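Take a look at the sequence and the structure below. This report then walks through selected features, one topic at a time.

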Amino acid sequence: VLCAGETVEVGGQVFDKEGSYQLRLTSAANCDSFLTLNLRLLSPLASISGAGELNCYDPELELNGNNSGGNGSLTFEWLGSSGEVLGTDIRFLVSAAGTYGLRVTQQESGQVCSNTDYVDIPENFSPPIAELGPDLTLNCYNPELLAGTPTTSLGAEFIYGWRGPPGANLVSVDTAKQYLPLNQPGTYVLTVQNITNGCLAEDSLRVTLDTLSPFAEAGDNQI
């Protein structure tokens, strides 16, 4: 029994393919003998499926060795970047970026053969930026204000959502933008999502109302 890729030499002949061979051997005394060589090759195959990127959509990934193969009984070992054994099932759950390996081993008649596949798992948990700035005050000078700052993440990969008090009537405005006109007091929340990795960020803003009229007193009538 050999591992695939190994060879054996018998009577000056080299064999590397599985099969049954009839050999005629001649001794130094010119005597012939016949030998049957039954050669079996073990060829386990390790193949990792399920690789991808760790992100806010997929904080965990299930790697599996379902596409691995080999004739006979197989054992599975999941390896870390330093070669340490992390698991022995056909499936393995990863939650950290790094290099992972799957070693498939086949053993027969004292011969142990292994094959290893490796995969790199990246991660992208970069959050967007949601920044509304300081709280605002509505008054007679400013009956409507614009909430939002240029610091908030901007681009095609970002989507925006706004929440506000019941009287804010957000249905009538375009809340798919980083800026929002405000004319009602209350607390407003901006949610920004990066659609490439699913990560979110939020910021809130308190809007108060100051429309108290000043007091004017002219005094008593004068003649």
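## A cysteine on the outside

Cys140 is exposed, because its relative accessible area is 65% and the cut-off for exposed is over 50%. Keep in mind that this is a predicted model.

## The disulfides

How many disulfides does the structure hold? There are 2. Count the bonded cysteines along the protein chain, and the disulfides follow the pattern 1-3, 2-4.

One disulfide joins Cys3 to Cys113, with an S to S distance of 1.9 Å. Cys3 belongs to strand 1, residues 2-3, and Cys113 to strand 13, residues 111-121. The pair therefore ties together parts that are 110 residues apart in sequence. The torsion about the S-S bond of Cys3 and Cys113 is about -95°, so this disulfide is left-handed. Are these cysteines buried or exposed? Both Cys3 and Cys113 are buried.

## A link between two loops

Another disulfide joins Cys56 to Cys199, with an S to S distance of 2.0 Å. This pair links distant parts of the chain, 143 residues apart. Cys56 sits in the loop between strand 7 (54-55) and strand 8 (61-64). Cys199 sits in the loop between strand 19 (186-194) and strand 20 (200-210). The torsion about the S-S bond of Cys56 and Cys199 is about 85°, so the disulfide is right-handed.

Now check the accessibility of each partner. Cys56 has a relative accessible area of 36%, so it counts as partly exposed. Cys199 is at 2% relative accessibility, so it counts as buried. The reasoning rests on the cut-offs: buried means under 20%, exposed means over 50%, and partly exposed lies in between.

## The aromatic cluster

A pair of aromatic rings is described by two things: the distance of the centres and the angle of the planes. A search of the whole structure finds 2 aromatic pairs. In one of them, the ring centres of Trp78 and Phe92 are 5.9 Å apart. Their planes are at 20°, so the pair is stacked. Trp78 lies in strand 9 (residues 74-79) and Phe92 in strand 11 (residues 91-94). The pair therefore ties together parts that are 14 residues apart in sequence.

Phe92 also forms an aromatic pair with Tyr100. Here the distance is 6.2 Å centre to centre, with 50° between the planes, and the pair is tilted. Trp78, Phe92 and Tyr100 form one aromatic cluster. Are its members buried or exposed? Trp78 counts as buried, because its relative accessibility is 1%. Phe92 is buried too, with a relative accessible area of 15%. Tyr100 is buried at 10%.

## An open sheet

Strands of a sheet pair through backbone hydrogen bonds, either parallel or antiparallel. In this structure, one open sheet has 4 strands. Their order is 10-9-12-13, and the pairing is antiparallel. Which strands are at the edges? They are strand 10 (85-87) and strand 13, and each pairs on one side only. Neighbouring strands of this sheet are turned by 35° against each other on average, direction ignored.

Look at one pairing in detail. Strand 9 and strand 10 pair in the antiparallel sense over 2 bridges. Trp78 has Gly87 in strand 10 as its bridge partner.

## Putting it together

Two residues connect the topics above. Trp78 belongs to the aromatic cluster, and it also has a bridge partner, Gly87, in strand 10. Cys113 is joined to Cys3 by a disulfide, and Cys113 lies in strand 13, an edge strand of the sheet.

Notes. Residues are numbered from 1 along each chain as its sequence is written. This is a predicted model: local features need pLDDT of at least 70, side-chain atom pairs count only at pLDDT 80 or more; totals for chains, interfaces and linings use all residues. Side-chain values use heavy atoms; hydrogens and water are left out. A disulfide is a pair of cysteine sulfur atoms within 2.5 Å. Buried means under 20% relative accessible area, exposed over 50%, partly exposed in between (1.4 Å probe, protein chains only). Rings of Phe, Tyr and Trp (its six-membered ring) pair if their centres lie within 6.5 Å; planes under 30 degrees apart count as stacked, over 60 as edge-to-face and the rest as tilted. Two strands pair if DSSP finds at least two bridges between them. Axes are lines fitted to C-alpha atoms, for helices over the stretch in contact, and angles run from 0 to 180 degrees between N-to-C directions.
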